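The following exercises concern the sequence and structure shown below. Each task is followed by a solution in steps.

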Amino acid sequence: RGVLMASVAAPLENVLSLVQTYGQEAAESRFNFESQRKALMMLMDEAKKSLGLVSLDVDWHSGISDEQAMACCANLIAASGSLLPPRGLAPLTQGLHLCISVEYGVRSDGAMTLPHDLNLT
């Protein structure tokens, strides 16, 4: 994710060598990560609006990748439909808190979890 890590006990020469060897690669990785995360946030906002959600989160601790979250958001948007006939998911999701995860469930905070690879067709 574009972060260089060195032990606090590492000699200065080793740290400098690490930065010289991998610094540019780390900077490029960080730029790519931030660009992808920005695109994901925009897609999540669109999914949230199209479904009438209070919130849409990703359970990063379950190992969901940015790509998986983006694909799930795209599927949710495609299935949202409208509040008018013919209907899609939107009438069912108004006011809910959803979380992209690895399985279906309801968290203790009331958010519904959906698997990132859910099939809406």
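Helices are DSSP runs of H or I with at least four residues, strands are DSSP runs of E with at least two, and both are numbered from the N terminus. The structure is a predicted model, in which local features need pLDDT of at least 70, side-chain atom pairs count only at pLDDT 80 or more, and totals for chains, interfaces and linings use all residues. Residues are numbered from 1 along each chain as its sequence is written, and side-chain values use heavy atoms, with hydrogens and water left out.

**Exercise 1. Overall architecture**

Determine the order of helices and strands along the sequence, and state how spread out the protein is.

Step 1. The protein contains three helices and four strands. Their order along the sequence is α-β-α-α-β-β-β.

Step 2. The radius of gyration is taken over C-alpha atoms, and the globule rule is 2.2 Å times the number of residues to the power 0.38. For 121 residues the rule gives 14 Å, whereas the radius of gyration of the protein is 19 Å, well over that value, so the protein is more spread out than a compact globule.

Step 3. The C-alpha trace spans about 65 × 30 × 20 Å along its principal axes.

**Exercise 2. Surface and charge**

Describe the burial, exposed area and charged side chains of the protein.

Step 1. A residue is buried under 20% relative accessible area, exposed over 50%, and partly exposed in between (1.4 Å probe, protein chains only). Of the 121 residues in the protein, 27% are buried.

Step 2. By the Shrake-Rupley method with a 1.4 Å probe, the protein exposes about 7900 Å², of which carbon and sulfur atoms supply 58%.

Step 3. Counting Lys and Arg as positive and Asp and Glu as negative, without His and the chain ends, there are 8 positive and 13 negative side chains. With each charge placed at NZ of Lys, CZ of Arg, CG of Asp or CD of Glu, the centres of the two sets lie 10 Å apart.

**Exercise 3. Residues of the three helices**

Classify N14, D66 and A90 by accessibility, and locate each in its helix.

Step 1. N14 belongs to helix 1 (residues 12-51). Its relative accessibility is 45%, so N14 counts as partly exposed. The C-alpha atoms of N14 and C99 are separated by 42 Å, with their positions 85 residues apart along the chain.

Step 2. D66 lies in helix 2 (residues 66-80) and counts as buried because its relative accessibility is 4%. A polar contact is a pair of N or O atoms within 3.5 Å; within protein, one must be able to donate a hydrogen and the other to accept it, and residues adjacent in sequence count only if both atoms are side-chain atoms. One such contact, of 2.9 Å, joins the side chains of D66 and R37. D66 and A39 are 27 residues apart in sequence, with their C-alpha atoms 9.5 Å apart.

Step 3. A90 is in helix 3 (residues 90-93); at 3% relative accessibility A90 is buried. The C-alpha atoms of A90 and G52, 38 residues apart along the chain, are 6.5 Å apart.

**Exercise 4. Two strand residues**

Is T113 buried or exposed, and what does V106 touch?

Step 1. T113, in strand 4 (residues 112-115), is buried at 10% relative accessibility. Its side chain reaches the backbone oxygen of E103 at 3.0 Å.

Step 2. V106, in strand 3 (residues 105-106), counts as exposed at 64% relative accessibility.

Step 3. Contact means heavy atoms within 4.5 Å. Not counting residues up to four places away in sequence, V106 touches A111, M112 and T113. With its neighbours within four places left aside, T113 has contacts that include C99, S101, E103 and V106.
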